[in-house]
Amino acid sequence: MENNLLFNIIQQGFRTAIGATAEIIETIQDNNKRNQVLSELTAEWQEKTKIWSEKGTITEQEAKKIIEQFFQGY
């Protein structure tokens, strides 16, 4: 059973790699699709950057509070 499971995992990974490669080639060859993908990636990157920046601000504020509390104890 484990050999069959391992084979299925490897086979799925192989098929995923082939599918991803085919998608990349199709995207490179089609100007409209390429522009759409780049636009989506840019929008996603901007959204992630905003989320990470907000999280960084919160983390910075929390760290500052912890340090201030630490030094108030002394």
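**A buried threonine in a two-helix chain**

T27 is buried, with a relative accessible area of 11%. The structure described here is a predicted model. T27 counts as buried because its value falls under the 20% limit. Few residues share this state: buried residues make up 1% of the 74 residues in the chain. T27 lies in helix α1, which covers residues 2-29. Leaving aside residues up to four places away in sequence, T27 touches K33, R34 and V37.

The contact with K33 can also be followed from the other side. K33 is found in helix α2. Its own contacts, with residues up to four places away again left out, are E23, E26 and T27. K33 is partly exposed, at a relative accessible area of 23%. That value is not under 20%, so K33 does not count as buried.

The overall fold comes next. The secondary structure of the chain comes to two helices and zero strands. The radius of gyration is 23 Å, whereas the globule rule gives 11 Å for 74 residues. The chain is therefore more spread out than a compact globule. Along the principal axes, the C-alpha atoms fill a box of roughly 60 × 45 × 10 Å. The accessible surface of the chain comes to about 7100 Å². Carbon and sulfur atoms account for 60% of this surface.

Charge was examined over the whole chain. There are 8 positive and 11 negative side chains. The centres of these two sets lie 2 Å apart.

Two further positions illustrate distances across the chain. N8 is placed in helix α1. This residue is partly exposed, with a relative accessible area of 36%. N8 and E47 stand 39 residues apart in sequence, and their C-alpha atoms are 36 Å apart in space. A43 belongs to helix α2, which spans residues 31-72. At 45% relative accessibility, A43 counts as partly exposed. The value for A43 is not over 50%, so the label "exposed" does not apply. A43 and A22 are 21 residues apart along the chain, and 23 Å separates their C-alpha atoms.

Aromatic rings were then considered. Two aromatic pairs were counted. W45 and W52 form an edge-to-face pair, with 5.7 Å from centre to centre and 80° between the planes. The pair counts as edge-to-face because the angle between its planes is over 60 degrees. W45 has 54% relative accessibility and counts as exposed. This follows because the value is over 50%.

F70 and F71 also form an edge-to-face pair. Their ring centres are 5.3 Å apart, and their planes meet at 75°. The angle is again over 60 degrees, so the edge-to-face label holds. The accessibility labels of F70 and F71 were assigned separately. F70 is partly exposed, with a relative accessible area of 47%. F71 counts as exposed, at 56% relative accessibility. The 50% cut-off explains why the labels read as they do: F70 is not over it, whereas F71 is.

In brief, the chain has two helices and zero strands, and its radius of gyration is well over the value from the globule rule. Buried residues make up 1% of the chain, and T27 is buried.

Conventions:
Residues numbered from 1 in each chain as written. Predicted model: local features only at pLDDT ≥ 70, side-chain atom pairs only at ≥ 80, totals over all residues. Heavy atoms only, no water. Phe/Tyr/Trp six-rings, centres within 6.5 Å; stacked < 30°, edge-to-face > 60°. Buried < 20%, exposed > 50% of the residue type's maximum accessible area, 1.4 Å probe, protein only. Helix = DSSP H or I, 4+ residues; strand = E, 2+ residues; numbered from the N terminus. Rg over C-alpha atoms; globule rule 2.2 N^0.38 Å. Areas by Shrake-Rupley, 256 points an atom, 1.4 Å probe, with all protein chains shown as cover. Lys, Arg positive; Asp, Glu negative; His and termini not counted. Charge placed at Lys NZ, Arg CZ, Asp CG, Glu CD. Contact = heavy atoms within 4.5 Å.
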